[in-house]
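Trainee: Got a minute to go through this model with me? I'd like to start with a charged pair.

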Amino acid sequence: MREFFRPVIYNALCSAGITTDKSINIEQPADKKFGDFSTNIALLVAKECRRNPRELAQAIIEHLLFPPDTIARIEVAGAGFINFYLAPLFIMQSVEKVLLEGDEYGKGSVGQGKKAIVEYVSANPTGPLTIGRGRGGVLGDCIANLFETQGYEVTREYYFNDAGRQMQILGESVQLRYLECCGKSVEFPANHYQGEYIREIAEEIYHDQGTGFAESTELLMFKKRAEEIIFASIRKTLERLGIRHDSFFNEHTLYTPDEKGMTANQSVIDALREKGFIAEYDGAIWFMTTKLGQEKDKVLVKSSGEPSYRLPDIAYHITKFERSFDMIVNVFGADHIDEYPDVLEALKILDYDTGRIKVAINQFVTTTVDGQTLKMSTRKGNADLLDDLIDDVGADATRLFFIMRGKDSHLNFDVELAKKQSKDNPVFYLQYAHARICSLLRMARQEIGFEADSIQEQSLLQQLNSPAELQLGFALLDYPDMIKTSLRLLEPQKMVEYLHSLAEVFHRFYQECPILKAEPDIARARLFLALATRQVLRNGFRILGVSAPESM
RNA sequence: GUGCCCGUAGCUCAAUGGAUAGAGCAUCAGCCUUCUAAGCUGAGGGUUACUGGUUCGAGUCCAGUCGGGCGCACCA
């Protein structure tokens, strides 16, 4: 809708002889008495034109040329705002468009022919997914969905590492528990994985193998087995939330030589060396971030000869460029906040276009049960598990709660609230609106023989003009802009808020406007309005990955 | 100590630099012989942590102060 205004205003500026490099800003006033849309362009250019803003606004208005029957009223208000009021007919014609486009309504084409990669979850297979990971998972999934709505070809990627020290400790942890199963007494170090799941894996191995490995120092079998079991459990948990990845990228491939005997990691070092950003001292290889104003250099290759995580991370991102993605999105938790600036710096030095990279960082989650807050903890056995949460509140509530706050805010997950089957629970509020419409449509078919697909009758919508009807129509027309905003900010929360307000406006319409009892043409028109509302709810739910129940 | 995030109604949170800072919950008062009351209407509730600055205009941007969270390894 905003794109509807911009060219018209731009042309008016030209006609009025105003030249500016300021971008034309279209906003929705918080208060409807200031119009459906407004622009502050007169205020912005007043200074450089040395003219009074209101007078300038008046001059612009005189040159505005909108298509007929679209704008009902234009006025200058306040300090120099130009306010636009949409024509009721235009709003209702937009509702027809919703019905016409159906599942496609709200989609855009800026991403047509472009490739995007969204990397999210990326947990190493050292344990079951925690609640904190869940937030990033849902966030990433929704962001990927948003990109798809704009025509991007999206790859959902999971980056993981099954080598490294943590996996070593995992293997040892399982081995020790296994020895316990074999009846040996062992000392279990505090820095090993304490979780109950380790014991379960050990028991499984004991069940299959008996005491066959009791005397062996062989660690690989324990590691492999643990990895398999844990990865399967992670994928199962994600599946429960409707999260699936197209691609699993194993960090290990970056250590594997190509046909010329070169590893991706080594190429990064060579390239950085050529740019003069590599130093060698203390037996290690360093990325000279001190040249970039940082306090310390960063280790790329440890004195043991193993790369630190930073090096493969850079190499990994280079593969994203080499795989020719136009848009590169990384989703991760606040605990990795210090990680990506170095990667970006390195990529910049190597002349990659880091403008394509977007990073979405989500803050942590605390869960509250009965008003008590349980803090998420890391490697201890008491980490709260995503699976338990899903068991407790269901997949829909889990998904929606994770994204109903801004990603920069700490999330307070009220488990009691998420379980409630009442209006306090935002999940039910949204889904109820959908179910209510479904029920209404069922009733309409029965009582007055309403058929949803009788397209020739949809123009009946144009006779609707009460405030509640227009408010609902306007909300529907606003949907495509909401998707764009949500995507631009990488913030699915905007969609949640929008859908909540749409549900609210619908409930008001439902309350104020009798439908089945209205005279036949009005009844049909209102049913089409309800039908369009259901369509937008569905489209929005699909982006958020929340189900749309037919009845509740 | 330092980097990043946050501080808005009693609680949980909104507000692309715009007009009188908004929702939900909770509290109080109304609306079901009528399409799902899992709903709707209304009321009360605020020095946007604090102090300065930038400008036509600041909750929003900048500087500083105070509070909370997360990082700050030759772990990932």
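Trainee: Is K320 buried or exposed?
Mentor: K320 is buried, at 0% relative accessible area. Keep in mind that this is a predicted model.

Trainee: Which side chain does K320 meet in a salt bridge?
Mentor: E119. The N to O distance is 2.9 Å. The two lie 201 residues apart in the chain, with K320 in helix 10 (residues 310-322) and E119 in strand 5 (residues 115-119).

Trainee: And E119, buried or exposed?
Mentor: E119 counts as buried, at 10% relative accessibility.

Trainee: What does R310 pair with?
Mentor: R310 forms a salt bridge with D342, at 2.7 Å from N to O. This pair also links distant parts of the chain: R310 is in helix 10 and D342 is in helix 11 (residues 340-349), 32 residues apart. Both R310 and D342 are buried.

Trainee: Which residues are joined into one network by shared salt-bridge partners?
Mentor: D141, E148, R156 and R399.

Trainee: How many salt bridges are there in the whole structure?
Mentor: The search finds 35. One of them joins E55 and R51, with the closest N and O atoms 3.6 Å apart. E55 is partly exposed at 45% relative accessibility. R51 is partly exposed too, at 32%.

Trainee: Where do the positive and negative charges sit on average?
Mentor: Chain A has 63 positive and 79 negative charges, and their mean positions are 3 Å apart.

Trainee: Switching to cysteines. How many disulfides does the structure hold?
Mentor: Zero.

Trainee: Why no bond for C438?
Mentor: Because the closest cysteine sulfur, in C513, is 19 Å from the sulfur of C438, too far for a bond. The cut-off for a disulfide is 2.5 Å.

Trainee: Are those two cysteines buried or exposed?
Mentor: C438 is buried, with a relative accessible area of 2%. C513 is buried as well, at 5%.

Trainee: Now the whole chain. What share of chain A is buried?
Mentor: Buried residues make up 53% of its 552 residues. The accessible surface of chain A is about 25,900 Å², and carbon and sulfur atoms hold 49% of that.

Trainee: How many helices and strands are in chain A?
Mentor: 19 helices and 15 strands. The C-alpha trace spans about 85 × 60 × 45 Å along its principal axes.

Trainee: What share of the contacts is between residues 24 or more positions apart?
Mentor: They account for 71% of the contacts in chain A with a separation of 6 or more.

Methods:
Residues numbered from 1 in each chain as written. Chains lettered and ligands numbered in written order. Predicted model: local features only at pLDDT ≥ 70, side-chain atom pairs only at ≥ 80, totals over all residues. Heavy atoms only, no water. Helix = DSSP H or I, 4+ residues; strand = E, 2+ residues; numbered from the N terminus. Buried < 20%, exposed > 50% of the residue type's maximum accessible area, 1.4 Å probe, protein only. Contact = heavy atoms within 4.5 Å. Areas by Shrake-Rupley, 256 points an atom, 1.4 Å probe, with all protein chains shown as cover. Lys, Arg positive; Asp, Glu negative; His and termini not counted. Charge placed at Lys NZ, Arg CZ, Asp CG, Glu CD. Salt bridge = Lys/Arg side-chain N within 4 Å of Asp/Glu carboxyl O.
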